[in-house]
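Notebook open, model loaded. I want to look up the aromatic side chains first and then whatever packs around them.

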Amino acid sequence: MTTTPEPGRGQSVEPDSASSTSPSLETKSSIDSSLSIWRKTLNFITYTPKRCRYDPSNPPSFSLPLNLLFAFAGTFTVANLYYNHPILDILAHEFNVTGERASLIPTLAQTGYATGLLFLCPLGDVLPRRAYVLSLILFTATVWLGLCLTHNFNVFCFLTFLTSLTTVTPQLSMPYLPKGGIQEVEN
């Protein structure tokens, strides 16, 4: 297949008599339709209802219910890192490993969290934050199902690392807080 230069770049384009233009048009239209499918999917995932969109003339207030919502969301999300501490002996017994080997679980949890802070938090400035946070929460909840169902210690360690990696949602949610902070609660 011969490539022809793009028109408008100082060269004229002449159709190749040996090749038909219809396959390239079909290929281009299939690429365009697949891109439109991806665009439609992205628009569906990142859709924000009008009542939830930011309105500069009427910024949201930081009310007590909103404060409690962020407090509970941050607490229960970051608690993923510490759920395994009180049950390390039980985990060692269940997986038939030594206590020393079971201590690898909280180490991997903290390592995953640090890795998430380093690599996933900066993506919050690039990706649509609402969809990004929701997808991280969905992924974390799904991987937690795997943690509950696995019987292999190495798989448990890997899934612990993954859940801790995606436990950075409180740091990504903080920019949603309205300006003015807690003073608005008192008013």
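Are Phe95 and Phe156 buried or exposed? I checked, keeping in mind that this is a predicted model: both Phe95 and Phe156 come out buried.

**Entry 1, ring pairs.** I searched the whole structure for aromatic pairs and got four. I looked up Tyr83 with Trp144 and found an edge-to-face pair, with 5.8 Å from centre to centre and 75 degrees between the planes. Tyr83 sits in the loop between helix 2 and helix 3 (88-95), while Trp144 belongs to helix 6 (residues 129-149), so this pair ties together parts that are 61 residues apart in sequence. Neither ring made it into my buried column: Tyr83 is partly exposed because its relative accessibility is 39%, and Trp144 is partly exposed at 24%.

Next I went to Phe95 and Phe156. Their ring centres are 5.1 Å apart and the planes are at 50 degrees, so I wrote this pair down as tilted. I put Phe95 in helix 3 and Phe156 in helix 7 (residues 153-165), so here too the pair ties together parts 61 residues apart in sequence. I also noted a cluster: Phe95, Phe153 and Phe156 form one aromatic group.

**Entry 2, the core.** Which residues touch the most other members of the largest nonpolar core? I counted 22 residues in that core, and the best-connected ones are Leu91, Ile105, Leu120, Leu136, Phe156, Val168 and Leu172. So Phe156 turns up again, because it is on that list as well as in the tilted pair. I then asked where the core residues come from: helix 3, helix 5 (104-119), helix 6 and helix 7 each give two or more. Helix 7 has the largest share, with six residues.

I picked Ile105 from the list for a closer look. Setting aside neighbours within four places in sequence, I find Ile105 in contact with Asn84, Leu88, Leu91, Phe153, Phe156, Cys157 and Thr160. Two of the cluster rings, Phe153 and Phe156, are among these contacts.

**Entry 3, the surface.** I finished with the outside. Leu64, Leu68, Phe72, Phe76 and Tyr83 make a nonpolar surface patch of about 520 Å². Tyr83 is the ring I had already paired with Trp144. I placed Phe72 in helix 2 (residues 64-78). What does its accessibility make of Phe72? Phe72 counts as partly exposed, because its relative accessibility is 48% and the exposed label needs over 50%.

Terms used
Residues are numbered from 1 along each chain as its sequence is written. This is a predicted model: local features need pLDDT of at least 70, side-chain atom pairs count only at pLDDT 80 or more; totals for chains, interfaces and linings use all residues. Side-chain values use heavy atoms; hydrogens and water are left out. Patches are made of residues with over 30% relative accessible area and no salt bridge: like charges are joined within 9 Å, nonpolar side chains (Val, Leu, Ile, Met, Phe, Trp, Tyr) within 5 Å. Accessible areas come from the Shrake-Rupley method with a 1.4 Å probe; for residues, only the protein chains shown count as cover. A salt bridge is a side-chain nitrogen of Lys or Arg within 4 Å of a carboxyl oxygen of Asp or Glu. Helices (H or I, at least four residues) and strands (E, at least two) are DSSP runs, numbered from the N terminus. Buried means under 20% relative accessible area, exposed over 50%, partly exposed in between (1.4 Å probe, protein chains only). Rings of Phe, Tyr and Trp (its six-membered ring) pair if their centres lie within 6.5 Å; planes under 30 degrees apart count as stacked, over 60 as edge-to-face and the rest as tilted. A nonpolar core is a set of buried Ala, Val, Leu, Ile, Met, Phe, Trp, Tyr and Cys residues joined through side-chain atoms within 4.5 Å. Contact means heavy atoms within 4.5 Å.
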